[in-house]
Every structure is written in structure tokens, then in C-alpha cells.
Amino acid sequence: MARAHWRIEELPWDRFDAGRVDPDLVPLIKAAALVEFNADDYTAYLCNVFNDDPEFQEAARGWAVEEVQHGEALGRWAELVDPTFDFRAAVERFRAGYRVPIDLDASVRGSRTGEMIARCMVETGTSSYYAAIGDSTDEPVLKEICRNIAADELRHYKIFYTYAKKYLDREGLNRIQRLKVALSRIGESEDDELAYAYYAANAPADAPYEHKLYNAAYKRRAFGRYRRKHVDRAIAMVFKACGLKPHTRLCSVASRGAWWFIDRQARKLAAQAV
């Protein structure tokens with residue numbers, strides 16, 4: 001059985017400082033806890049897609065162990081901040097309304113290389129996200145949790161990148177094909193997973209789900225956490241996964257464009273909330 005690289009019990013819980021908690025950050029942490037904790041469904045899907053690759057299946061199961069621990073750590077922190085929050089109940093509410101299709105025997109990306117590139121995009125997003133959250137909070141326990149998670153996600157990216165290269169040798173996807181997969185997966189950040197997690201973690205029990213409403217609520221709180229350095233790092237990771245050279249002029253142009261978009265969205269959503 002795979003083990004995580006750090007333990008929840010070893011986190012500095014005795015240093016928790018309620019006075020340093022940013023209330024606007026708490027709903028994001030609650031939602032993130034649900035998404036992270038749901039990793040076992042993704043593992044089932046990946047093991048189906050890579051049914052004849054026991055080495056990768058083992059790596060995927062190890063990945064899931066760490067992802068689930070991320071959810072447990074974030075959920076415990078959220079319950080500490082808000083004693084009315086029931087992490088397990090929120091998980092059940094999330095799973096009742098959002099399910100990952102796990103009974104597929106082929107990648108929805110069209111190839112195994114594409115699947116690995118899509119996973120690299122997810123790890124790129126989560127690594128930069130938790131780095132941004134960690135840099136934006138002064139609460140010691142959450143800062144340490146985010147530091148650990150961001151490091152895990154970067155290591156996960158490297159694992160999926162290794163298998164992407166393995167299958168690229170067999171399937172031969174060109175850079176354009178890889179870039180299409182990457183952009184497609186990045187675009188899926190607008191789908192129901194994050195919005196529904198935000199709803200399940202934060203909305204009253206009798207509130208109906210409205211994708212537009214909860215997606216905007218999530219993005220308003222999340223986008224403002226990013227700084228240019230987080231975006232620069234993420235774009236370099238995207239370039240690498242697609243077979244493009246990072247730290248080039250093209251990469252810098254892409255990073256400037258991504259930062260402009262995120263900053264513009266953060267300002268727009270903040271203004272709408274006033």
C-alpha cells in the first residue's frame with residue numbers, strides 16, 4: 001500500500017491561529033477538500049484506461065492516496081475554522097450530484113499520451129493554485145498544508161510527464177495534437193466539478209444548484225490569489241508537457257497573456273461583488 005510523503009498528524013495544528021484566517025478563503029478550502037478527496041474515482045478510470053500497464057496502475061493508486069490525504073487535511077482545517085462544517089457530509093452531497101465516469105476502457109482524450117498530458121494539466125493547475133493560496137495566507141497551518149500539497153502536485157506532474165513520454169514514443173502525437181489536448185483540459189476548468197464542489201461545500205441545504213452562480217463565486221475568490229510568478233511557472237509546465245521549450249520568447253508571450261486574462265477576470269469579478 002502506497003504511503004503519502006507527509007502525515008496529517010504531523011502538521012503544526014498547535015500553531016493554528018484563528019486571528020489570521022481570511023474569511024474569504026474558507027469557502028475555497030472547503031470546495032478544494034471535496035475535489036481532492038474524490039481522487040479514487042479518477043484512479044478507477046485511469047486503471048481501466050491503462051488496464052494492461054500494472055506499473056502505471058500502481059503509480060495511479062499511489063497518486064490517489066496522496067490526493068485523498070490532501071482532501072482530509074483541508075477538510076480538517078475547514079472544520080477547525082468553521083465547527084458547523086461537516087466535511088464527510090459535504091463529500092456525500094458532492095458525490096450525490098457530481099460523478100466521474102469510471103466505467104470507460106479508453107481515454108476520453110483519444111490516446112494514452114493525451115490522457116497523460118491532460119493529467120499534467122491538472123497537476124499544473126493544482127500545483128500553482130496551492131502555491132498561490134499558500135502565499136496569500138498568513139495562517140500557519142494552512143500555509144504548511146498548501147506547501148505540502150503544492151510539492152506533491154509538482155511531483156505528480158513529473159510522474160504523469162514520465163508516462164506521457166513513454167506513450168508518446170508509441171503513439172507519436174505531434175506538438176499541435178498535444179497542445180489541443182492541453183487547451184481542451186484547461187478549458188474544462190469551467191465545467192461542473194469546481195462549481196459543484198463549491199456549492200456542495202458552502203450552499204444551504206435547500207439551495208438549488210446554479211452553475212453560473214457558483215462558478216463565479218469560486219472564481220471571484222480564487223483568481224485574486226494568483227500572482228505573476230504563479231502564472232509564469234504554470235505556463236512553463238504547460239509548454240514542457242506539450243513538447244514546447246519553456247523559458248523562451250513564445251513562453252513569455254503566453255505567460256503575459258495568461259496573466260492578463262487572470263488579472264482582468266479577478267478585477268472584473270471583484271467589481272461585480274461590490
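## Exercises on aromatic rings, core and pocket

Phe94 has a relative accessible area of 1% and is therefore buried, where buried means under 20% relative accessible area with a 1.4 Å probe and protein chains only. The model is predicted, so that local features need pLDDT of at least 70 and side-chain atom pairs count only at pLDDT 80 or more, while totals for chains, interfaces and linings use all residues. Residues are numbered from 1 along each chain as its sequence is written, and side-chain values use heavy atoms, with hydrogens and water left out.

**Exercise 1.** Classify the ring pair of Phe94 and Tyr98.

*Solution.* Begin with the rule: rings of Phe, Tyr and Trp (its six-membered ring) pair if their centres lie within 6.5 Å, and planes under 30 degrees apart count as stacked, over 60 as edge-to-face and the rest as tilted. Next, take the geometry: the centres of Phe94 and Tyr98 are 5.6 Å apart and the planes meet at 10°, so the pair is stacked. Tyr98, at 15% relative accessibility, also counts as buried. Finally, place the two rings in context, since ring pairs link Phe94 and Tyr98 into a cluster with Tyr196, Tyr198, Tyr199, Tyr209 and Tyr214.

**Exercise 2.** Find which residues Leu34 touches, and place Leu34 in the largest nonpolar core.

*Solution.* First, list the contacts (heavy atoms within 4.5 Å): not counting residues up to four places away in sequence, Leu34 touches Phe87, Ala90, Val91, Phe94, Ala197, Ala200 and Ala201. Then turn to the core, which is a set of buried Ala, Val, Leu, Ile, Met, Phe, Trp, Tyr and Cys residues joined through side-chain atoms within 4.5 Å. The largest such core has 87 residues, and Leu34, Leu74, Trp77 and Ile145 are those with the most contacts inside it.

**Exercise 3.** Identify the charged groups that sit over the rings of Tyr42 and Tyr161.

*Solution.* Apply the criterion, under which NZ of Lys or CZ of Arg must be within 6 Å of the ring centre and within 35 degrees of the ring normal. Over Tyr42 sits the charged end of Arg119, 5.3 Å from the ring centre. Over the face of Tyr161 lies Lys240, at 4.9 Å from the ring centre.

Note on methods. Buried < 20%, exposed > 50% of the residue type's maximum accessible area, 1.4 Å probe, protein only.
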